[in-house]
Structures are given as C-alpha cells and as structure tokens.
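I opened the model to look up a few local features. The entries below follow the order in which I took them.

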Amino acid sequence: LDVFDARYPHYYDYVYFRFCVGARTGEINALTWNDIDWKNSTITISKSLSAKREIKPTKTGCNRTIVLT
C-alpha cells in the first residue's frame with residue numbers, strides 16, 4: 001500500500017478501507033452516511049452500486065455489519 005499511497009495519495013483511504021473491510025467495489029460505492037452507526041462503531045453493508053449506477057442488493061443478498069476498531 002505504500003507504493004499505492006505514493007502514486008495515488010487521493011485514493012489511499014478508499015483503497016485501505018476497502019482492503020481492511022473486504023467489501024466489493026460496488027458495496028463500498030453504495031455506502032451512505034445512514035449505513036454508519038457512529039455510536040456502535042459499525043458499518044452495515046446492505047446494497048451495491050451496479051456498473052449501470054443502479055442501487056441493488058448485495059451479490060449474496062445478505063446484509064453484513066462491520067465493526068470498526
């Protein structure tokens with residue numbers, strides 16, 4: 001990631017978060033502020049943004065909650 005940070009510093013946080021969470025690109029791109037629970041430090045992944053820019057259910061059809069530590 002250090003090489004990526006040096007070459008694309010404006011994308012580093014996005015890529016780092018994506019790798020740490022293990023979510024698909026469409027799932028990350030579909031996140032909204034409503035998906036973040038600041039009080040419980042969680043993010044709920046419940047939808048995906050398709051290549052046609054449509055919001056759809058996740059690929060597996062299951063929601064998952066990521067605990068931020």
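I began with Y16 and asked whether its side is buried or exposed. Y16 counts as partly exposed, because its relative accessibility is 41%. I note here that the model is predicted.

I then looked for a ring partner. Y12 and Y16 form an aromatic pair of the stacked kind, with 5.8 Å centre to centre and 20° between the planes. The angle is under 30 degrees, so the pair takes the label stacked. Both residues belong to helix α2, which covers residues 12-21. They are 4 residues apart, about one turn of the helix.

How many aromatic pairs are there by this rule? I get a count of 3. Another of them joins F4 and Y8, at 5.1 Å centre to centre with 40° between the planes. That pair is listed as tilted. I checked the accessibility of both members. F4 has 28% relative accessibility and so is partly exposed. Y8 is partly exposed as well, with a relative accessible area of 34%.

Next entry: backbone angles. I looked for positive phi in residues other than glycine. S41 has a phi of about 55° and is not a glycine. I placed S41 in the loop between β1 (36-37) and β2 (42-45). Its relative accessibility is 32%, so S41 counts as partly exposed.

R53 also came up, with a positive phi near 65°, and R53 is not a glycine. Where is R53 found? I located R53 in the loop between β3 (48-49) and β4 (55-56). R53 is exposed because its relative accessible area is 63%, and the cut-off for exposed is over 50%.

Last entry: K47. I found K47 in the loop between β2 and β3. Is K47 buried or exposed? With 17% relative accessibility, K47 counts as buried, since buried means under 20%.

I then asked which side chain K47 joins by a polar contact. The partner is D35, and the contact between the two side chains is 2.6 Å. I also listed what K47 touches, leaving aside its neighbours within four places in sequence. K47 is in contact with G26, E27, A30, T32 and D35. The list goes on with I55, K56, P57 and T58. D35 thus appears both in the polar contact and in the contact list of K47.

Key:
Residues are numbered from 1 along each chain as its sequence is written. This is a predicted model: local features need pLDDT of at least 70, side-chain atom pairs count only at pLDDT 80 or more; totals for chains, interfaces and linings use all residues. Side-chain values use heavy atoms; hydrogens and water are left out. Helices (H or I, at least four residues) and strands (E, at least two) are DSSP runs, numbered from the N terminus. Buried means under 20% relative accessible area, exposed over 50%, partly exposed in between (1.4 Å probe, protein chains only). Rings of Phe, Tyr and Trp (its six-membered ring) pair if their centres lie within 6.5 Å; planes under 30 degrees apart count as stacked, over 60 as edge-to-face and the rest as tilted. A polar contact is a pair of N or O atoms within 3.5 Å; within protein, one must be able to donate a hydrogen and the other to accept it, and residues adjacent in sequence count only if both atoms are side-chain atoms. Contact means heavy atoms within 4.5 Å.
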